[in-house]
Amino acid sequence: MSEVAALPNGWQLIVGLEVHVELATKTKMFSASANRFGDEPNTNIDPVTLGLPGALPVLNKHAIELAMRIGLALNCKVQPCTFHRKNYFYPDLPKAFQITQYDHPLNIDGYLMLPGDVRIGVERAHLEEDTGKSTHFGGASGRIHGSDYSLIDFNRAGVPLVEIVSRPDIRTSEQARQYVAELRSILLAVGASDAKMEEGSMRCDVNVSVHKPGTPFGTRCEIKNVNSIRSVGRAIDYESRRQVDLIESGGSIRQETRHWDDSTGRTETLRTKEDADDYRYFLEPDLVPLVPDQSWIEAVRTALPVLPAARRQALAELCGVDKDGESAIVVVERGQDDYVREVISAGGDARRAVVYVQQAFAEQGASPKVSAKDLAALTILERDSKVTSTQAKTLLTDLIEAGGGDVLAMAAKRGFEALDTSAVEAMVDAAIAAEPGAWQKYCSGEEKALGALVGAVMKSSKGKADGKVITTLLQSKRARDT
Amino acid sequence: MEKLVEIASGVSGGTLNASDVVEEYLKRISARESEIHAFNLVTADQARHDAEKIDNDVKAGKKVGALAGVPIALKDNMCTRGVETTCSSKILQGWKPPYDATVVTKLRNAGAVIVGKTNLDEFAMGSSTENSAFGPTRNPHDISRVPGGSSGGSAAAVAAGFAAASLGSDTGGSIRQPAALCGVVGVKPTYGTVSRYGLVAFASSLDQIGPFTSDVRDAATLLETISGHDPMDSTSIPQPALSLVSVLDQGVKGMRIGRVTDLPEGCEPDVLERLEAAFDALRSAGATIVDVKLPSLQYCLTAYYLIAPAEASSNLARYDGVRFGNRVDAADLNSMYAATREAGFGEEVKRRIMLGTYALSAGYFDAYYGKALKVRRLISDDFARAYQSVDTILTPTSPSVAFKFGSKTDNPLAMYLCDVFTIPSNLAGHPAMSVPFGVGVDSMPVGIQVLASTLGEQAMFKVAAELERAS
Amino acid sequence: MAEKISQETVIKVSRLARLSLNTEEAEKMTAQLAGMLEHFRDIDALDLADVEPMTQPYPLKNVLREDVIAPSLDRDEVLGQAPTAESGRFRVPPTIGFDV
Ligand SMILES: [Mg+2]
Ligand SMILES: [Zn+2]
């Protein structure tokens with residue numbers, strides 16, 4: 001991830017995120033047609049989905065439970081709530097209103113923790129319905145501008161959404177990326193959504209403003225069409241610089257909605273506040289209030305899995321790695337932390353176990369084919385210097401390809417017989433004798449002379465000596481001799 | 001005209017042929033429909049086919065439903081699969097829904113034979129059926145007069161003997177007022193007792209489907225068939241179907257009937273005279289007449305004409321020329337929307353969309369829509385107080401007998417005043433029904449309205465049956 | 001309560017509602033709406049400060065449905081009722097201005 005310089009002249013970035021996620025239900029928010037991505041256009045439709053005259057919405061119980069899971073995982077208060085109509089005309093919005101939650105959303109006042117114990121407030125996480133999908137045809141670019149016509153598919157219309165609105169607590173684009181990544185792993189962990197940004201089941205709108213500390217927040221712009229975690233960072237970096245440059249050159253920021261263009265790396269005006277619609281929100285008369293009772297809420301809370309942050313913490317403590325480090329993050333995100341725990345239970349080396357899994361098990365899923373016992377045996381082999389770390393990597397590949405097996409037999413087949421320390425020590429002594437110049441330089445403090453000595457030992461051992469063991473021996477000999 | 005219950009028992013008992021019944025009704029339709037224009041569509045072929053099937057079922061000894069062979073007309077705002085459903089609007093002309101309304105499914109399951117779709121004020125907005133895009137319906141008692149509205153076609157169809165019964169929808173009086181003007185029974189049940197699934201929405205928190213019939217027993221029978229919980233309608237009350245027929249002969253002895261002492265002004269003397277006669281009849285039958293006050297009644301019209309258009313403006317936004325119905329083409333999307341809606345909606349519909357959009361818009365919401373919802377509460381509270389001392393309340397259904405065509409079309413407010421006695425029950429969600437009770441000026445029918453509190457249909461039907469016996 | 005409705009407001013509202021009123025229609029509509037709104041001022045005198053708004057007539061809550069799939073409508077039947085359709089989808093004229 002390329003680092004972008006902080007904003008110049010003491011400007012401070014302020015970011016809030018609105019993240020829409022499609023819930024992993026079988027059916028739509030208010031009707032029984034399928035919630036399924038990728039089907040033939042207009043094959044998951046019913047009178048409610050199409051907003052046909054006479055159709056009426058009925059709430060999907062599972063959607064509500066998934067939304068409650070999200071709320072509880074984000075430390076929200078789950079409360080009695082109502083549904084409103086948000087009225088506006090658009091061809092992919094069948095009823096010409098979206099059913100959404102307005103002044104009484106299901107989940108309010110939560111938070112999410114980022115690395116370094118940074119706390120990002122979650123204002124609300126409310127239920128609503130998705131729109132259909134327009135595709136624009138003709139014209140020069142196939143984009144909406146200058147197109148000749150559009151075609152609409154309503155399969156996505158009425159798919160249950162939860163909109164998660166953060167407080168403007170984010171101060172760097174890195175934090176924004178971390179927020180989205182963490183939110184995504186929570187959504188996956190609780191099974192609320194498949195959270196695929198590339199398929200649009202998780203979508204980010206980013207609110208960006210800048211100010212000088214001690215002064216009020218600046219006018220914010222909302223950036224739409226930010227479709228990957230990487231784009232979240234890029235869009236914020238671009239937009240904040242644009243705002244600072246504009247202000248410093250004497251201009252002022254207009255409140256507007258902007259569009260992120262991933263190919264040009266720029267944001268451009270979509271619409272300004274002056275042409276904002278008047279949504280005429282009012283209580284949806286075809287639905288009744290949702291009042292989740294305490295026992296329902298507690299049942300959902302009790303069924304929640306251990307969340308990623310707690311799992312990373314536990315794994316980090318078990319393996320002696322950083323809880324915010326790459327291996328803890330990756331292994332937990334892939335759901336392989338239980339597997340690592342099994343490897344350790346089978347007698348494996350904790351630190352090696354987590355690192356092996358992080359580096360080599362990307363394709364293995366939460367239940368790798370390599371048995372915990374086999375991987376444990378490999379970590380012990382390496383820990384006890386029965387094989388070098390290079391050899392261990394080769395054996396790990398063999399193990400994965402074979403889907404497990406007897407590691408000792410594999411090592412023997414490869415000819416990785418164990419070299420014990422005394423054998424290596426003899427080779428080290430031989431190398432010192434053979435390369436007196438290098439040894440002199442190394443002893444006088446020239447660290448890079450070490451390479452030639454290690455290389456010589458490796459060569460004479462035909463790669464069977466462990467580089468780390470060689471280095472340790474050379475270091476202790478230097479300490480003794482000087 | 002035959003009673004619904006007689007046809008049903010005759011057909012299921014094998015003494016009456018459903019096909020003969022249907023032919024008889026179709027004959028009456030062809031004789032007089034061109035004069036009355038009760039229907040937007042007569043589904044003669046389908047009706048004959050359905051009747052034949054019922055006859056075959058009876059012959060084969062199969063069990064047939066409670067409405068076997070009964071010819072029924074449907075207001076043309078209830079979805080019928082594959083059969084044109086227009087709401088008497090150009091914007092929906094030609095639209096064939098891909099699904100049946102729940103009431104339609106229930107009718108079919110009960111063996112009813114649907115003879116056609118009846119005319120209405122466009123999207124049920126009106127009190128005279130003059131707002132239909134396909135021309136007005138005429139009152140069978142005097143074709144120079146309106147049948148009332150918005151379910152004017154359904155009321156006229158029963159009054160003219162085109163169907164043994166019909167269904168209408170009632171948002172502010174659209175069943176009861178035309179029932180009164182056409183001299184038939186019309187019932188608006190408690191909000192939530194009859195499913196709205198498949199009823200084209202006008203104002204969602206006020207709309208209810210209900211029956212038109214030639215007598216109270218038929219109304220009770222039909223309402224028993226179409227009521228009951230529907231999981232497709234979130235506002236449907238989770239209770240079994242109403243039980244009504246069993247109470248019809250119980251009389252009103254000991255019942256307390258409310259007389260509203262602060263009834264809004266403007267009711268014609270001939271109608272008030274019939275109201276007094278109704279009180280007398282109930283008194284003679286052993287009921288006690290009790291004075292009640294409903295001080296918020298005078299604000300009902302305002303509350304209604306803010307709430308109903310507000311909901312309607314949102315409900316009618318879906319007519320945008322994209323997925324169904326008619327479109328007026330234009331070079332860009334917004335021009336297409338505007339051209340489609342401009343050409344597709346009639347004047348009254350546009351007026352209410354405008355009023356409702358305004359009442360909901362930023363800056364005006366609290367002053368209009370928000371306030372109207374509070375007034376709605378006041379009315380509901382008034383009724384709650386009154387029902388502590390009475391079982392039902394009696395009022396006129398309409399301030400006057402059927403009026404002449406064109407007499408109110410230039411003044412929307414004058415037309416709105418037709419609903420002054422019927423609107424309160426919609427706002428409160430209560431049941432109310434109109435029963436014919438003699439005639440007023442020019443021998444035109446007068447209806448008396450019986451009101452009851454939520455799910456008070458049994459008390460209401462007892463009183464209605466008594467009035468029917470006395471008339 | 002709000003001031004008398006202006007023709008400018010009426011035109012703004014007609015745009016929100018996607019009804020294109022010409023000047024003559026807007027004039028007539030303004031007069032009619034003003035007349036109605038004038039009549040509706042009768043509720044201004046009421047003290048409604050402590051009154052709970054009533055949005056639904058019957059108090060229900062937690063009306064839910066199980067997450068079970070029902071068959072889709074037939075696409076051809078549905079598209080056959082659309083003003084224009086193409087390649088299994090509904091066709092609309094181009095949007096002028098920006099996407100929402
Ligand atoms: Mg938003
Ligand atoms: Zn949203």
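In this predicted model, the charges of chain A are spread so that the mean positions of its 57 positive and 67 negative charges sit 3 Å apart. Chain B carries 44 positive and 52 negative charges, and here too the two mean positions are 3 Å apart.

On overall shape, chain A has a radius of gyration of 29 Å, whereas a compact globule of 482 residues would come out near 23 Å. Measured out along the principal axes, the box filled by its C-alpha atoms is roughly 90 × 55 × 50 Å. In terms of secondary structure, chain A holds 15 helices and 15 strands. Just 53% of its 482 residues count as buried, and the chain exposes about 20200 Å², with carbon and sulfur atoms supplying 51% of that area. If we look at contacts in chain A between residues at least 6 apart in sequence, 68% of them join residues at least 24 apart.

Chain B has 15 helices and eleven strands. Its radius of gyration is 21 Å, close to the 23 Å that the globule rule gives for 471 residues, so chain B is as compact as a globular protein of that length. Its C-alpha trace spans about 65 × 55 × 45 Å along the principal axes. Some 68% of the 471 residues of chain B count as buried. The exposed area of chain B is about 13800 Å², 49% of it from carbon and sulfur atoms. For contacts in chain B with a separation of 6 or more, residues 24 or more positions apart account for 75%.

Now to the metals, which are held by chain A. The zinc ion (ligand 2) takes its protein donors from A:His20 through NE2 and from A:Glu128 and A:Glu163 through OE, at 2.0 to 2.1 Å. Along the chain, these donors follow the spacing H-x107-E-x34-E. The two glutamates bring distant parts of the chain together: A:Glu128 belongs to strand E7 (residues 118-129) and A:Glu163 to strand E10 (residues 160-166), 35 residues apart. Both A:Glu128 and A:Glu163 are buried.

The magnesium ion (ligand 1) has A:Glu18 (OE) and A:Glu163 (OE) as its protein donors, lying 2.5 Å from the ion. This pair also links distant parts of the chain, with A:Glu18 in strand E1 (residues 12-22) and A:Glu163 in strand E10, 145 residues apart. A:Glu18 is buried, as is A:Glu163. What bridges the magnesium ion and the zinc ion? That job falls to A:Glu163, and the two ions lie 4.2 Å apart.

Beyond the metal sites, chain A offers a couple of backbone oddities. A:Asn42 has a phi near 55 degrees, a positive value in a residue other than glycine. The residue sits in the loop between E1 and strand E2 (59-60) of chain A. Is A:Asn42 buried or exposed? With a relative accessible area of 0%, A:Asn42 is buried. A:Ala195 is not a glycine either, yet its phi is positive at about 45 degrees. Its place is the loop between helix H2 (173-189) and strand E11 (202-211) of chain A. A:Ala195 is likewise buried, at a relative accessible area of 0%.

Chain B has a backbone detail of its own: the peptide bond from B:Gly149 to B:Ser150 is cis, with omega near 10 degrees. B:Ser150 lies in the loop between strand E3 (113-118) and helix H5 (152-159) of chain B.

Another loop residue of chain B, B:Phe345, falls between helix H10 (333-344) and helix H11 (347-360). At 3% relative accessibility, B:Phe345 counts as buried, because buried is taken as under 20%. Which residues does B:Phe345 contact, leaving aside its neighbours within four places in sequence? Within chain B they are B:Ser89, B:Ile91, B:Glu122, B:Phe123, B:Leu316, B:Tyr319, B:Lys350 and B:Ile353, and C:Leu19 of chain C is in contact as well. The C-alpha atoms of B:Phe345 and B:Lys90 are separated by 6.7 Å, although the two residues are 255 apart along the chain.

Note on methods. Residues numbered from 1 in each chain as written. Chains lettered and ligands numbered in written order. Predicted model: local features only at pLDDT ≥ 70, side-chain atom pairs only at ≥ 80, totals over all residues. Heavy atoms only, no water. Helix = DSSP H or I, 4+ residues; strand = E, 2+ residues; numbered from the N terminus. Rg over C-alpha atoms; globule rule 2.2 N^0.38 Å. Buried < 20%, exposed > 50% of the residue type's maximum accessible area, 1.4 Å probe, protein only. Contact = heavy atoms within 4.5 Å. Areas by Shrake-Rupley, 256 points an atom, 1.4 Å probe, with all protein chains shown as cover. Lys, Arg positive; Asp, Glu negative; His and termini not counted. Charge placed at Lys NZ, Arg CZ, Asp CG, Glu CD. Donors = N, O, S within 2.8 Å, 3.2 Å for Na, K, Ca; no water.
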